[in-house]
Amino acid sequence: MKVLFISLGCDKNLVDSEHMSGILSNAGYEFTDDEREAEVIVINSCCFIHDAKEESINTIFEMARYKEEGKCQVLVLAGCLAQRYHDEIKDEIPEIDICIGTTAIDSIAEALDDYFINHHNIQIINDIDKLSGVDAPRNLSTIGSFAYLKIAEGCDKHCTYCIIPKIRGNFRSIKMETLIKEAKDLAERGVKELILVAQETTMYGKDIYGKKSLHLLLKELAKIGGICWIRVLYCYPEEIYDELIDTIAEEKKICHYLDIPIQHASDNILKRMGRRTSNEQLREIINKLRERIPDIVLRTTLITGFPGETAEDHEILMNFVNEMEFERLGVFTYSPEENTPAANMENQIDEDIKNSRRNEIMELQQEIVFDLSENYIGKTYVAMIEGRISGEHAYMARTYMDCPGVDSNIFIITDKELMTGDFVKVVVTGTNDYDLIGEISS
């Protein structure tokens, strides 16, 4: 039978989709990108914020059409929406035939077998603190030569705006030997860049080894032949520790790039968010990273319009962004999520104010990035080829400064024949908005 996978939301979800695809591949299923040809459609859903929830629900109804207009016999809902709303889905969305929670992805093949034999709706919602899919086969869906390596599941932080601990459970690390085995397999399949992800990567190992062990995992991954770049995302700033900084600085394969979501810079809002840093501590962490790793590129994310955010709080955040000059930055407006403390807080902010504040920060960040980009002109960087631009003597590529899917690119003008995954030395000759333009270095 032919299966169509639709993976929504974050890269952690994508890894789960790739494992489910691998499980079904081993069970004899084939795959298609054509909704009309798919006999099984699997939607791996997201409900982190309202927009993500809405996208997931819209996708369900869009795909349900193919039970009439295509060959679809089974519609499977997996992931966060399935975990969070499985009772409501059973009653209100009868189009869903199989509902699989976040810790039940190992069961997808058995669930389909059961459905085809007995023809009844199935729900598999396991213990929320179970680990699922970690030893499962995996079909890669990422284009190019990178892959995500999910090193942990769940989160213990319980920020007041976040529903993730209730959907994904408490923080639990995946054993180092399992990750090393998976990374070696990815390398044998042509992956050259590993991108480490989790709800929070900096706490890796604390639960199973008794201490933070991300630096130890990085050292082992750096030994794997074929892996050229290792990138780390989702590092909570307060958990960044000296051994980790030293390892990033010393290991040549580890990109001098760190994603540290800070969310805000006003002590008032940080406290209301349940975050564990202050403005002063954030400055200390950022300054330490830049002092120890001078060419490090820092990415962060911010939330505007959190309940109780005053004009003064917003100004503090603007000043912080202006002074810190993050190389990469994204901004989201606050989304009230049911069953979170923040949703019930007083002084909820009007949507127009949320959007206005977000736009102000993004305009400021645009100026910062454009100014920083001028410093790259004339410098030489190693870049990974992502693909050729159709009809042009040019390629799209990335340097260590950019993570796929969220950051910028460098466009390389050359007559040389290059392949996706090739590494080349490039001299930067100009800029184009957020992107760089370069030529092959002689």
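The expected span of a helix is 1.5 Å times one less than its number of residues. The exercises below apply this and a few other rules to a predicted model.

**Exercise 1. Compare the expected span of helix H7 (residues 176–188) with the distance between its end C-alpha atoms, and find what its buried residues pack against.**

Solution. Begin with the length: helix H7 holds 13 residues, and at 1.5 Å a residue these should span 18 Å. The end C-alpha atoms of H7 are 18 Å apart, which agrees with that expectation. Next, list the buried residues of the helix, which are Met176, Thr178, Leu179, Ile180, Glu182, Ala183, Leu186 and Ala187. These buried residues pack against helix H1, strand S7 (146–150), strand S10 (193–197), helix H8 (206–209) and helix H9 (214–221). Finally, look beyond the end of the helix, where H7 is followed by Gly190, a residue with a positive phi near 100°.

**Exercise 2. Describe the largest pocket by its volume, its lining residues and the elements that supply them.**

Solution. The volume of the largest pocket is about 1200 Å³. Its lining is made of 43 residues, of which Cys10, Lys12, Phe48, Tyr234 and Phe332 are the closest to the centre of the pocket. Sorted by kind, the lining residues comprise 26 nonpolar, 10 polar and seven charged. Among the elements that each supply at least two residues of this lining are helix H1 (11–26), helix H6 (164–168), strand S13 (297–304) and strand S14 (328–333).

**Exercise 3. Determine how many disulfides a search of the whole structure finds, and explain why Cys159 and Cys403 are not bonded to their closest cysteines.**

Solution. The search of the whole structure gives zero disulfides. The cut-off needed here is that the two cysteine sulfur atoms lie within 2.5 Å. For Cys159, the closest cysteine sulfur belongs to Cys162 and is 6.2 Å away, so the distance is too far for a bond. For Cys403, the closest cysteine sulfur is that of Cys255, at 9.0 Å, which is also too far for a bond. As for their surroundings, Cys159 counts as buried because its relative accessibility is 6%, and Cys403 counts as buried at 2%.

**Exercise 4. Place Thr399 and Thr301 in their strands, and decide whether each is buried or exposed.**

Solution. The cut-off for this step is that buried means under 20% relative accessible area. Thr399 lies in strand S16 (residues 394–399), and its relative accessibility of 2% makes it buried. Leaving aside residues up to four places away in sequence, Thr399 touches Trp229, Arg231, Tyr381, Val382, Ala383 and Ile410. Thr301 lies in strand S13, and at 16% relative accessibility Thr301 also counts as buried. With the exclusion of residues up to four places away in sequence, Thr301 touches Pro261, Ile262, Gln263, Gly330 and Phe332.

**Exercise 5. Examine the phi values of His119 and Glu325, and say where each residue is found.**

Solution. As background, most residues other than glycine have a negative phi. His119 is not a glycine, yet its phi is positive, at about 55°. It is found in the loop between helix H5 (108–118) and strand S6 (122–124), and His119 is exposed, with a relative accessible area of 56%. Glu325, likewise a residue other than glycine, has a positive phi near 50°. The loop that holds Glu325 runs between helix H13 (311–324) and S14, and Glu325 is partly exposed, with a relative accessible area of 39%.

Notes
Residues are numbered from 1 along each chain as its sequence is written. This is a predicted model: local features need pLDDT of at least 70, side-chain atom pairs count only at pLDDT 80 or more; totals for chains, interfaces and linings use all residues. Side-chain values use heavy atoms; hydrogens and water are left out. On a 1 Å grid over the protein atoms alone, a cavity is a set of points where a 1.4 Å probe fits but cannot get out, and a pocket is an open set with protein on both sides within 12 Å along at least five of seven lines; lining residues have an atom within 4 Å of a point. Grid points are joined across faces, edges and corners, and a volume is the space filled by probe spheres set on the points. Helices (H or I, at least four residues) and strands (E, at least two) are DSSP runs, numbered from the N terminus. Ala, Val, Leu, Ile, Met, Phe, Trp, Tyr, Cys and Pro count as nonpolar, Asp, Glu, Lys and Arg as charged, and the others, Gly among them, as polar. Buried means under 20% relative accessible area, exposed over 50%, partly exposed in between (1.4 Å probe, protein chains only). Contact means heavy atoms within 4.5 Å.
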